[in-house]
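Student: I would like a close look at one part of this model, the open sheet and the turns that link its strands. Could you take me through that part carefully, in one connected account?

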Amino acid sequence: MGQLALGFRSLLIKVAIFFVMAGLLAWALGGTLFPKPTVVNLPGAGQVYWRVSSGGDINGLQWSLMHNDQEIKTGRWQSAVGPVIVDGVSWIATGNAGQWSFSKVTGTTIEEVAAPTSEVLSSLFPPQK
């Protein structure tokens, strides 16, 4: 029984040394042992913009619609378009598998719109040249 305890103690010491050395190597290379998500703020319109997060404990991309520094909508869409300002109102479009959802953003509130006007659609999806 003493040999088994000594074996576990030796294994525990080796694991502790491994994590200390891995942490020191990650620190020396400018990273961390447990990375945080990469966060990118995209250009927006007015006070509304997209924040995209990836990595860390996030699986895939996480989109967050921001108003100043306040998060007003979060999702895991394949695509996000906008925001664009049409007649003083911010509009966004989010899509999965070719299905688009359109939303009107007023301050920190979002209103889903089933069929936006053609002016909004042409602003969100400009014609290809």
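Tutor: Two strands are said to pair here if DSSP finds at least two bridges between them. With that in hand, and bearing in mind that this is a predicted model, we can begin with the sheet itself, in which 4 strands are arranged in the order β5-β6-β7-β8, with antiparallel pairing, to form an open sheet. The edges are held by β5 and β8 (109–113), and because each of these has a single partner strand, one side of each is left without a neighbour in the sheet. From one strand to the next, the twist averages 25°. In general, the strands of a sheet pair through backbone hydrogen bonds, either parallel or antiparallel.

Let us now look at the edge strand β5, which covers residues 79–86 and includes P83. The peptide bond that joins G82 and P83 is cis, with omega at about 0°. The pairing of β5 with β6 is antiparallel and runs over 6 bridges; in one of the pairs of residues to look at, S79 has G95 of β6 as its bridge partner.

Following the chain onward from β5, we come to D87, which is placed in the loop between β5 and β6 (89–96). Although D87 is not a glycine, its phi is positive, at about 55°. D87 counts as exposed because its relative accessibility is 67%, and the cut-off for that term is over 50%.

The next loop, between β6 and β7 (99–106), is where A97 is found. A97, again not a glycine, has a positive phi of about 55°. With a relative accessibility of 65%, A97 therefore counts as exposed as well.

For contrast, it is worth turning to a residue outside this sheet's strand order, namely S64, which sits in strand β3 (residues 58–67). S64 has a relative accessibility of 3%, so this serine counts as buried, the limit for that term being under 20%. The side chain of S64 makes a polar contact, at 3.5 Å, with the side chain of E71. Leaving aside residues up to four places away in sequence, S64 touches Y49, W50, R51, E71, K73 and T74, so that E71 appears both in this list and as the polar partner of the S64 side chain.

Definitions and conventions. Residues numbered from 1 in each chain as written. Predicted model: local features only at pLDDT ≥ 70, side-chain atom pairs only at ≥ 80, totals over all residues. Heavy atoms only, no water. Helix = DSSP H or I, 4+ residues; strand = E, 2+ residues; numbered from the N terminus. Buried < 20%, exposed > 50% of the residue type's maximum accessible area, 1.4 Å probe, protein only. Polar contact = N/O pair within 3.5 Å; in protein donor to acceptor, adjacent residues only side chain to side chain. Contact = heavy atoms within 4.5 Å. Axes fitted to C-alpha atoms, helices over the stretch in contact; angles between N-to-C directions.
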